[in-house]
Amino acid sequence: MNTTLINGVDTKKERYIAYFSMEIGLDEKMCTYSGGLGVLAGDTIKSAADLNVPLVAITLLYQKGYFHQRLKQDGWQLEEPALWNFDKLLKEEASRVFVTLEGRKVYIRSWRYDVKGINGYTIPVYFLDADISENSEWDRQLTHYLYGGDEYYRICQEVILGIGGLKMLRALGYDKIKTFHINEGHAALLTLALLDETAEKAGRKSLIQQDVESVRSQCVFTTHTPVAAGHDKFSLNLARKVIGDRKDFFSLQGVLYDVNTLNMTYLGLNFSRYINGVARKHSEISKLMFAGYQIDAITNGVHAATWVAAPFQELFDRYIPLWRKDNFSLRYALSISKKHLWDAHMKCKNRLLKLVNNETKVEMDENTLTIGFARRATAYKRADLFFSDFERLKKISNYVGKIQIIYGGKAHPRDFVGKEIIKKIFSAKKELQSNIKVAYLENYNMTLGKIITSGVDIWLNTPEPPLEASGTSGMKAALNGVPSLSVLDGWWIEGCIEGLTGWSIGEPVRQIKEYKDHSQDAQSLYDKLEHVVVPLFYYNRNRFTEIMAYCIAINGSFFNTQRMLQEYMLNAYLIS
């Protein structure tokens, strides 16, 4: 379908919001995301289509994706290119634009993918691609890999995303945009492109300080993480080398951080009229990290219709027929028969265990309490916390009730600590094989994520507080009636009603540098398993299914992108 004419309406003229994101995860066949940030962006766009939000989105193409994960027998991660048939899934646009990198022109084309909402409204997503004959062999690779290469490769990509993205929007005819949403700092060079537009409209060839206010009035910025690695920083020398000398830009107040660093997060903060974190606690932490900025909180969500597994979709269609149009109506899940809830859950669980047993040969049992943990493998997420005390785990499984655990998740190719964590889980699997069955599913992706979050009995999350900005995997689990057993950080501070929507691990951290004794979290985890969760699962199934219903009714009805996007519309997009 041509996005310029849908139902007789020129959609380009009616688009007022442009959403810029380094990664967008819309479909498993499209390898344009690495994890939570990209999937959140995709879920946001899907809800925008459902709610008829006049939005257009920009990202990069990534012909070779993030990577395909393969795990050796000892758990060591190997990476392979994730090639995909982009030309069969996307439609190439005729427009061409260019950006200037080190004084040379790099030409860009775009490919369109239309996201269709439940009422037929369409959100066009444009994927920028530098792999065209006009460019040198090296430049053609700039849009091949997500988060690949070195700092030079990364800043070149961010020029293409921010500056090339705006140029492409204009070339495609989107000239009515009033709000530009910079989703994380990767896209912050959009502000330079907007500054240049402002100066050009005023008949000037160079920027002045007054241009900043014009750009600030157009931009909103979302920061997604307290972790340092998530905030791109480039030396002034590298920025000048790639972008050009541009004294008019680098001399503007708010562009450089600490005199000689182009910090993309601060660029977004300084040039946006509205700033938000992605959970209430994350907003508080961000205010400590970035003193002097007003940072609101819009807690993340997930796209309900995407993440509810088929057995629960059928159940909701029967009991809550309008749940797709009105996610808040999921509060009526309390009226669903407990037997029907459990039957739907077991269908999901059997699908998961069939996959696990086929892929790993671990031979898991459907009647055993099954715990799920699937996150990016990196130090602060502490995937190995569960294995802090083998003897305690054996005691729980052998004398209280059998437990088994399923893992999934990729480590960044350069995150060797994360790779060692996966190896540690494989080692624990071998050590515990006579007492607790452990499986690690390789190449975690959207499809696998849906199967795991809907198929386990308990969702485990053990980040090091306060480094979990939000987290969305537990929200996906909740939509499928799976309660969380989680450290009080990110969204779980808001979503945890002890014993009703799940259970907490440890105590929340109040300050970003507050000392935290990790061993206490492990003991808290074991205590909850031994004295609460395992006995409840095996000896009070009626109460366990009640908790499943509350997960859907309380957390599923609220922690979704439908509610989240409505907050963005009210608080960020519609500010005059």
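This is a stop-by-stop tour of a predicted model, with a selection to make at each stop.

**The whole chain**

Start with everything shown as a cartoon. The protein chain holds 22 helices and 22 strands. Its radius of gyration is 24 Å, close to the 25 Å that the globule rule gives for 576 residues, so the chain is as compact as a globular protein of that length. Turn the model along its principal axes: the C-alpha trace spans about 80 × 50 × 45 Å.

Switch to a surface view. The accessible surface of the protein chain is about 22,200 Å², and carbon and sulfur atoms account for 50% of it. Of the 576 residues, 62% are buried. Among contacts between residues at least 6 apart in sequence, 72% join residues at least 24 apart.

**Strands β20, β21 and β22**

Select residues 484-487, which form strand β21. Which residues point one way from β21, and which the other? Ser484 and Ser486 point one way, while Leu485 and Val487 point the other way. All four of these residues are buried. In a regular strand the side chains alternate between the two faces of the sheet.

Add residues 458-461, strand β20, which pairs with β21 in the parallel sense over three bridges. Show Trp459 and Ser484 together, since Ser484 in β21 is the bridge partner of Trp459.

Next add residues 502-505, strand β22. Strands β21 and β22 run parallel and are joined by four bridges. Here Leu485 stands opposite Trp503 of β22.

Now bring in residues 473-479, helix α18. Together β20, α18 and β21 make a right-handed β-α-β unit. In the loop between β20 and α18, pick Pro466. Pro465 and Pro466 are joined by a cis peptide bond, with omega about 0 degrees.

**Salt bridges**

A search of the whole structure finds 34 salt bridges. Side chains of opposite charge can pair when their charged atoms come close. Three pairs and one network are worth selecting in turn.

Begin with Arg112 and Glu93, whose side chains meet at 2.7 Å, N to O. This pair links distant parts of the chain, 19 residues apart: Arg112 is in strand β9 (residues 104-116), and Glu93 is in the loop between β7 and β8. Arg112 and Glu93 are both buried.

Move to Glu498 and Lys528, which form a salt bridge at 3.0 Å, N to O. Glu498 sits in the loop between α19 and β22, and Lys528 in helix α20 (residues 518-539), so the pair links parts of the chain that are distant, 30 residues apart. Are these two buried or exposed? Glu498 is partly exposed, with a relative accessible area of 42%. Lys528 counts as buried because its relative accessibility is 18%, and buried means under 20%.

The third pair is Arg543 and Glu546, again a salt bridge, at 2.7 Å, N to O. Both are in helix α21 (residues 541-556), and because they are three residues apart, about one helical turn separates them. Arg543 has 24% relative accessibility and counts as partly exposed. Glu546 is also partly exposed, with a relative accessible area of 24%.

For the network, select Glu92, Arg96, Arg109 and Asp129, which are joined by salt bridges that share partners.

**Lys419**

Select Lys419 in helix α16 (residues 416-431). Its relative accessibility is 4%, so Lys419 counts as buried. Which residues does Lys419 touch, not counting those up to four places away in sequence? They are Trp76, Gln77, Glu79, Ala411, His412 and Pro413.

**Two residues with positive phi**

Most residues other than glycine have a negative phi, and most peptide bonds are trans. The last two stops have positive phi values.

Select Tyr147, in the loop between α4 and α5. Phi of Tyr147 is near 55 degrees. With 11% relative accessibility, Tyr147 counts as buried.

Finish at Lys361, in the loop between α14 and β17. Lys361 is not a glycine, yet its phi is about 60 degrees. Lys361 counts as exposed because its relative accessibility is 61%.

Technical notes:
Residues numbered from 1 in each chain as written. Predicted model: local features only at pLDDT ≥ 70, side-chain atom pairs only at ≥ 80, totals over all residues. Heavy atoms only, no water. Buried < 20%, exposed > 50% of the residue type's maximum accessible area, 1.4 Å probe, protein only. Pairing = 2+ DSSP bridges. Right-handed = clockwise from strand over helix to strand, strands pointing away. Rg over C-alpha atoms; globule rule 2.2 N^0.38 Å. Contact = heavy atoms within 4.5 Å. Areas by Shrake-Rupley, 256 points an atom, 1.4 Å probe, with all protein chains shown as cover. Salt bridge = Lys/Arg side-chain N within 4 Å of Asp/Glu carboxyl O.
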